[in-house]
Amino acid sequence: MATPLTMTVDLVARFPGKVTADSRPGYTGFIVNKENLVEVATAIRDEFGYDLLTAVTAVDFIAENKMEVVYHAYKTTGGAGLVFKVQVERVDPIEVPSLINLWAGVDFQEREAWDLYGIKFTGHPDLRRILMWEGYDGHPLRKDWKEPFFEEEAKPFKSRWPDGKHTFAENKNPFRDNLNFPKDFDPENFVVEKEEDLYLSLERDSLKDKAGNMKTDHIVVNMGPHHPSTHGVLRVAVQLDGETIIGLKPVMGYLHRNHDKIGERNTYLQIIPYTDRLDYFNSMSNNFGYVTAVEKLMKIQVAERAEYIRVIMAELSRIQNHLIFIGMLMNDLGAMYTPSLYAFEERELILDIFEAVSGARMMCNYFRFGGVVRDIPEFALKKIQDLVSDRLPAKIDEMERFLNENEILMARLKGIHVLNAEEAINYSVTGPVLRAAGVPYDLRRADPYSIYDRFDFDVAVRHNGDMMDNYLIRFDEIRQSLRILEQALKQIPQGPINSQKPAYQVRVPAGEAYGRIESPKGELGFYLISNGKPNPYRYHVRPASFVNLQCVEKMCIGTKIADFVALVAMLDIVMGELDR
Amino acid sequence: MYGKGILKGLSVTWKRFWDTYTDDISWMLKGRKRYNSVEGVAHRSSKNTKGIFTVQYPEEQLIVPEEFRFVPFLVYDEGAEGRKEVRCTSCGICAKVCPPQCIWIVRTNDPATGRPVPVPTDFHIDMDICMNCGFCAEYCPFDAIKMDHKFDIASYQRNVYGMEQLLKPAKYYAEIRPENFNREEEARKAKEAAKAAKAEAAPSA
């Protein structure tokens, strides 16, 4: 079971008058006065040792006319986290001091809160929209904002039953009536002027290093959104001096669909298949994270056999994710197709298992609150056993023989893009990238969830923090996953696969919960607020690849543009999760 | 020696290359078909497969497992004189649980009394919106809606399926999902037997 969020720190006693405990029923943590936020946050980091600020998000309490910013801080040495919040009045402009000078890792998440909630973070040097485009009108996650084709506040829609005559949504909302344009918007004369801000932000960073040097022209290159090496639709504006990167800004949101808002319209159960579509390589892990959060809120136990099935599925998912990672890294380095297809062959066999168990290869939709949908069939269990004990270890060894001593590979990876431990923590990087930088922080050990505390495995860690270590750590992790799988297959008991009765609507008591798991890409968190209704009041995903991408700017300045392609592959981003 | 690592890697590729053919040859010598046969496809998806194991779609197709799900269909039982007895009672649970809300049901009302009758007048599923999650089949209390195995439904039109496209006989369901079908039939028979026993016991009590 996940460790409860115990309050080991008494902030109220340390900051009398500046901090109050959050006493709303079902809520935890502390409410910090807006004026004292930076002071209290400094103490949280330096005095109390919560050095990893993982999640920053906002909540719109429209009924109380309040906006709340929620911070989740953790220790890299492990243990429960510390939740602190700031409440501000919901009158524009809403202003909250930025924590970017304490944690560089709040950068994207504060920009996201500005974009989707309209909270201005004073002191943030680059507060532009991040997921929506510049010139967009409104802040989509506010409770009074309505999307195009809006039908009702929450599903199920009344138009579907008992008198559900099929209509197409666009017939109800003809084109142009379903979009909100800003006041005085004239499409004829529209120029994207905020685009300049992006290039200016590049210029500002690069000017610093240029003092005194001979004046040379710099080139701005836009890589993507349609570029074969950007893993989908990531766009990166790069400023180049010759071939050297002197400024770099990722631009994202091309695959944005406002997953959070969709989630708030859905019932708790209906969200599960939508989480499949976040990190579409690891739908099992996404399901896992989400049901962990809801189960925390519902305070229910998971059936014993289901716990084992979950771990088996999550670890298989990790193996196939890392296989894709290895294959795709090779693709981006120029070793076209042969390594990636070797990796995909093994992945194929794992996907066959997912298909036999859940019914789909990628969009598994396999977890339910309290357990899983159905038991693993006997033949699938046999196949997992065969793969784990026979085939995969040999194939991983073969992969290593195939690639790891390759001189070209070493030349491309060794000593390039080094991220040291302090920087990695400061940038809120999690997952294999953090562990390759020498921080043995793995949620399966640091803050064990499900039944990971029963297994004997090592946290894979490497110490150079360069690309080579980032690459090699994936092999280590696959081996550890195989170890966990072997134990899980041995220990798996017989019994029911769900502790709850199947129900298409679940009752979730009011309160908040933050459920997080070690997904193959890093910490995957789900922040939920329930008000007792069938739909969550607030549903937030803390995606690993989104937060991990923040370190890219730091790592790239001063390196060659060709290595940047490899870095994008190394961070193992997936746009479905990054753009949500 | 510089280049040793590359050579070592290439030896793996070399081995893989021959593996494809050794498997082919050994199957040929045994007189079995590695290609265009169910046995061959099954072997190529097993843990013992070696070399290239691509399945040549559409000439051959992967064997889908029983739980494979792709778009729902409605089940009907064949009554006397080939009458279609639709299992659906238009209770609306599938429409309510559907995450993208692609199921549209019109409930039948008795024209005389105005009370609902347990058959749907109209049943539409927008297959272009359906996300194949399988919730409708999972939560249907009457085993009336099930997930199909037929996955090549691409067409030039929009795929809004009405009753005539959705209805498939229980026989078909038993064919694609034999284990599930038998389990449900057994549960239904047990329930009916319990009901009959109760009805028998009731008058004497």
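**Chain B and its contact with chain A**

Walking along the sequence of chain B, the elements come in the order α-α-β-β-α-β-β-α-β-β-α-β-α-α. That makes seven helices and seven strands for chain B. The model is a predicted one, and everything below should be taken in that light.

Chain B does not have the radius of gyration of a compact globule. For 205 residues, such a globule would come out near 17 Å, while chain B sits at 25 Å. The box filled by its C-alpha atoms tells a matching story, at roughly 90 × 45 × 35 Å along the principal axes. As for burial, 23% of the 205 residues in chain B count as buried. Contacts across the sequence still feature heavily: among the contacts in chain B with a separation of 6 or more, 64% are between residues 24 or more positions apart.

Then there is the partner. On the chain A side, 43 residues are in contact with chain B, and 37 residues of chain B are in contact with chain A. Four helices of chain A each put at least two residues into the side that touches chain B, namely α7 (268–276), α10 (338–358), α11 (378–403) and α12 (407–413). The top contributor is α11(A), which gives nine residues to that side. In terms of chemistry, the side of chain A that touches chain B is a mix: 19 of its residues are nonpolar, 15 are charged and nine are polar.

How values were computed: Residues numbered from 1 in each chain as written. Chains lettered and ligands numbered in written order. Predicted model: local features only at pLDDT ≥ 70, side-chain atom pairs only at ≥ 80, totals over all residues. Contact = placed C-beta atoms within 7 Å. Nonpolar A, V, L, I, M, F, W, Y, C, P; charged D, E, K, R; others polar. Rg over C-alpha atoms; globule rule 2.2 N^0.38 Å. Buried ≥ 20, exposed ≤ 12 C-beta atoms within 10 Å, placed from the backbone.
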